[in-house]
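Colleague: Before I plan anything around this protein, could you take me through the model and its ligands?

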Amino acid sequence: MQHRKIAFIGAGNMSKSIISGLVKNGYPASSIFASNPSRPKLDELHNTLGIQISQSNAEVVAQCDVIVLAVKPQLMEQMCSDLAASNTLDGKLFISIAAGLPVKRLQEMLQGQDKVIRTMPNTPSALGKGMTGLFAPENISTADKEYAGQLLKHVGEIAWVNEESLIDSVIAAAGSSPAYFFAFLEAMQQEAERQGIDHDTARLLVQQAMLGAAEMVCHNPQLEISELRAQVTSKGGTTAKALESFAAHNLSDIVAKSMQAAVARAQEMARTF
Ligand SMILES: NC(=O)C1=CN([C@@H]2O[C@H](COP(=O)(O)OP(=O)(O)OC[C@H]3O[C@@H](n4cnc5c(N)ncnc54)[C@H](O)[C@@H]3O)[C@@H](O)[C@H]2O)C=CC1
Ligand SMILES: O=C(O)[C@@H]1CCC=N1
């Protein structure tokens, strides 16, 4: 792929995850720039991954062809307006990773720059195991779409959506969902410890079970996940009792409502910011 010069504006958790994945998977560190108001996160990125850093957004933008908008949604407007004032944005491709900010709103914030692709990555990108949803409006060229897709393929799987509203569903299913799995594992580890297993062993038990289960799902695409569940569930056995308890507490409903809450928050952010 082309290794265009790319600037990450905002060097927080998500930028760090993507930049780590990019460098580990062969995107040249000399073509990656990051800016952030404070120094420590930049120094860490420079020292560990060898990328170019600056505390000035304008400075990195001036050197790059692709700009990743990676600040918190509520800070995006001010950041974009400062950038637009630098008069160095014409012709550049913008890739937003922000939750809840529609392309149209980003174009306004960028004072008319219209080459904006919206994406929703997740933090496992740091390990090359990310999942990113992407949406490109009609004005984006095939070459720019291909670049964005290949860029994010460096850090995991990608899925394009053809309606922008579906990015909110990508947030619920993949952007936010690593945290759901972490919450589930925390609860399992806690209960294993309550039953008498020591902290480290409890963590090993739940993390290895999760890893094995995830790998089984990935290695058996021909099987529905429900079939894999059935293979564990002996008639009259322990798993059946645990699953009955989940069903009695409406696990599916809890999950559905939580994902709907994530979508509703994304929609609220679109109205607020
Ligand atoms: N953390 C996650 O799992 C995911 C986050 N996102 C999106 O990524 C974006 C960033 O989120 P995180 O990395 O989690 O937040 P973060 O707070 O870790 O990182 C944001 C960074 O932006 C910096 N910043 C603040 N104002 C700035 C400015 N004017 N110019 C340059 N940098 C500035 C902050 O100092 C901070 O280092 C958000 O829009 C979020 O919706 C998307 C997918 C997943
Ligand atoms: O919680 C958030 O708003 C961001 C977007 C998806 C993951 N973190």
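Modeller: Let us begin with the second ligand, keeping in mind that this is a predicted model. The shell around ligand 2 divides into 2 nonpolar residues, 2 polar residues and no charged ones.

Colleague: Which residues surround ligand 2?

Modeller: The shell has 2 nonpolar and 2 polar members. By name, the residues that surround ligand 2 are A99, I171, G175 and S176.

Colleague: How do the residues of the shell around ligand 1 divide into nonpolar, polar and charged?

Modeller: Ligand 1 is surrounded by 27 residues, and the closest are G10, G12, M14, A98 and A99. Two helices, α1 (13–24) and α4 (73–84), each supply at least two residues of this shell. Sorted by character, the shell around ligand 1 holds 14 nonpolar, 11 polar and 2 charged residues.

Colleague: UniProt has a "binding site" annotation that covers I9 and G10 among others; what is the largest C-alpha distance within that group?

Modeller: According to the unreviewed UniProt entry, the "binding site" annotation covers I9, G10, A11, G12, N13, M14, A70, V71, K72 and P73. Although these residues are spread over 65 residues of sequence, they cluster in space, and the largest C-alpha distance is 14.1 Å.

Colleague: Taking two residues of that annotation, is N13 buried or exposed, and is A70 buried or exposed?

Modeller: N13 lies in helix α1, and because N13 has 12 C-beta neighbours inside 10 Å, where 12 or fewer is the limit, this residue counts as exposed. A70 is found in the loop between β4 (66–69) and α4, and touches F8, I9, G10, G12, M14, S15 and I97, leaving aside residues up to four places away in sequence. Because A70 has 27 C-beta neighbours inside 10 Å, and 20 or more is the criterion, A70 counts as buried.

Colleague: UniProt also lists N57 for "binding site"; which residues does N57 touch, not counting residues up to four places away in sequence?

Modeller: That listing again comes from an unreviewed entry, and N57 lies in helix α3, which covers residues 57–63. N57 is buried because 22 other C-beta atoms lie within 10 Å, against a threshold of 20. Not counting residues up to four places away in sequence, N57 touches I9, S35, M79, D82 and L83.

Colleague: Which residue in β2 stands opposite I9?

Modeller: Strands β1 and β2 pair in the parallel sense over 4 bridges. Within β1, I6 and F8 point one way while A7 and I9 point the other way, and all of them are buried. In a regular strand the side chains alternate between the two faces of the sheet. Across the pairing with β2, the residue opposite I9 is S35.

Colleague: What is the order of the strands in the open sheet, and which are the edge strands?

Modeller: The chain has 12 helices and 8 strands. The open sheet of 8 strands has mixed pairing, with the order β3-β2-β1-β4-β5-β6-β7-β8. Its edge strands each pair on one side only, and they are β3 (52–54) and β8 (156–160).

Colleague: At the β8 end, which residue stands opposite L134?

Modeller: Strand β7, residues 130–135, runs parallel to β8 and is joined to that strand by 5 bridges. The residue in β8 that stands opposite L134 is W160.

Colleague: Which strands does α1 touch where that helix packs on the sheet, and at what angle to β6 does α7 run?

Modeller: Helix α1 packs on the sheet, where it touches β1 (6–9), β2 (32–35) and β7, and its direction makes about 165 degrees with that of β2. Helix α7, residues 166–175, lies across β6 (116–120) and β7, and its angle to β6 is about 30 degrees.

Colleague: UniProt lists residues 164–269 as a domain; how much of that span is helix and how much is strand?

Modeller: The unreviewed entry names this domain "Pyrroline-5-carboxylate reductase dimerisation". The end C-alpha atoms of residues 164–269 lie 15 Å apart, and the span is 82% helix and 0% strand.

Colleague: Finally, for the chain as a whole, what percentage of residues is buried?

Modeller: The C-alpha trace spans about 70 × 40 × 35 Å along its principal axes. Among contacts between residues at least 6 apart in sequence, 65% join residues at least 24 apart. Of the 273 residues in the chain, the buried share is 34%.

Terms used:
Residues numbered from 1 in each chain as written. Chains lettered and ligands numbered in written order. Predicted model: local features only at pLDDT ≥ 70, side-chain atom pairs only at ≥ 80, totals over all residues. Near = placed C-beta within 6 Å. Nonpolar A, V, L, I, M, F, W, Y, C, P; charged D, E, K, R; others polar. UniProt positions renumbered as here; feature names shortened; annotations may be inferred. Contact = placed C-beta atoms within 7 Å. Pairing = 2+ DSSP bridges. Axes fitted to C-alpha atoms, helices over the stretch in contact; angles between N-to-C directions.
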